[in-house]
Amino acid sequence: MPATSTVRVDAADARARARAALAAHDPADADLAARAVVAGDASGWPEFGLALLVRELRDARERTTTGRAGTGAPSAVVTGATATLDAYDIPGPVALAAAVRRAAGLAGALGVGVVAVRHAGGTGRVGAYVRALAEDGLVGVALAQSPATVAPYGGTAPVVGTNPLAVAVPRAGQGRARVVDAATSAVTLADARRRAREGTPLPDGAALGPDGEATRDAGAVGALLPAGLLGSLLGLTVEALAGLLTGARGDAVGRGLWVLALDPRAFGAEDLADRADRLGDDWERAGGRVPGARPDAETFVVDRDVWDALAPATGGTP
């Protein structure tokens, strides 16, 4: 097969094009979603970038219902410090952006906000969304449940998804954040699929074949493996909060998301940003690698068909 042609794009131009493709949605949600998907490409994970947005726009159009068409935002039920969003016909990045912004509003008013999302599509890297909370001085946690692809620790059959989670805390200085973002599996599903396309092997201990035996063949995966016992338990935790609580587990329509926002001032932790910086310093002095130390690229390569699908002339139509 001929190689797909590519184009090198500027991150700012990519964000503008993604926002334009999401013009039917709330502008603030669209802006956060655009920043998050472009961060996927800019950090070296194109599976979580503009290509994901193209797919989500297409899938959301296919799911659109007459009664909610054109609302531009998930339907919401708010009770106190909690909210539940239904994102059936909303692109996944917009759904998570809306959840993050709703949680921020609740935290600003009440000190804490918890938002659950049902029927969500793919979102990409969840840490890119909660970063926005920390840049505004809040603590953010996001969990994303996904279809079963990962076996439990010591098991042989898939039970939960790769179930990523992210935590973000503010750092000293305006608009700075420390973000921890990780899948609970040994490799992400996107990484496994990319390796299968490229014909490169998986790391040892990352997957089982259909026969339940260990495999490094990315094209013959029966189940991914968790990132050790802790990863398995965290994956189960994400499944409980973002899967069971939203009713997403076993739901063929979409995934479950769960977002928590906290205002440090409600806990008497006005100096949390300074504490976070000191923790980072301690981590580095002990020989640790601080997450997010490498800046995102200012330019990156995108498949031309993805870039063209988001062109303003197409209206963001894949």
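## Asp59 and its neighbour

Asp59 is buried, with 18% relative accessible area, because buried means under 20%. This value, like the others here, comes from a predicted model. Asp59 belongs to helix α3, which covers residues 50-63. The side chain of Asp59 makes a polar contact of 3.2 Å with the side chain of Arg58.

## The aromatic pair

The structure has one aromatic pair. Its members are Trp45 and Phe48, which are stacked, with 5.8 Å from centre to centre and 25° between the planes. The pair counts as stacked because planes under 30 degrees apart fall in that class.

The two residues fall in separate accessibility classes. Phe48 has 18% relative accessibility and counts as buried, whereas Trp45, at 23%, counts as partly exposed. The cut-off for buried is under 20%, so Trp45 at 23% is not in that class.

## Arginines over tryptophan rings

Trp45, the partly exposed member of the pair, also has an arginine over its face: Arg194 lies there at 5.0 Å from the ring centre. A second arrangement of this kind involves Trp307, where Arg17 lies over the face at 4.0 Å from the ring centre.

## A nonpolar surface patch

Tyr153, Leu229, Leu233 and Leu236 make a nonpolar surface patch of about 430 Å². Among them, Leu233 lies in helix α7, residues 228-244. Leu233 has a relative accessibility of 46% and counts as partly exposed. Patch residues need over 30% relative accessible area, so Leu233 at 46% meets that cut-off.

How values were computed:
Residues are numbered from 1 along each chain as its sequence is written. This is a predicted model: local features need pLDDT of at least 70, side-chain atom pairs count only at pLDDT 80 or more; totals for chains, interfaces and linings use all residues. Side-chain values use heavy atoms; hydrogens and water are left out. Helices (H or I, at least four residues) and strands (E, at least two) are DSSP runs, numbered from the N terminus. Buried means under 20% relative accessible area, exposed over 50%, partly exposed in between (1.4 Å probe, protein chains only). A polar contact is a pair of N or O atoms within 3.5 Å; within protein, one must be able to donate a hydrogen and the other to accept it, and residues adjacent in sequence count only if both atoms are side-chain atoms. Rings of Phe, Tyr and Trp (its six-membered ring) pair if their centres lie within 6.5 Å; planes under 30 degrees apart count as stacked, over 60 as edge-to-face and the rest as tilted. A charge sits over a ring if NZ of Lys or CZ of Arg is within 6 Å of the ring centre and within 35 degrees of the ring normal. Patches are made of residues with over 30% relative accessible area and no salt bridge: like charges are joined within 9 Å, nonpolar side chains (Val, Leu, Ile, Met, Phe, Trp, Tyr) within 5 Å. Accessible areas come from the Shrake-Rupley method with a 1.4 Å probe; for residues, only the protein chains shown count as cover. A salt bridge is a side-chain nitrogen of Lys or Arg within 4 Å of a carboxyl oxygen of Asp or Glu.
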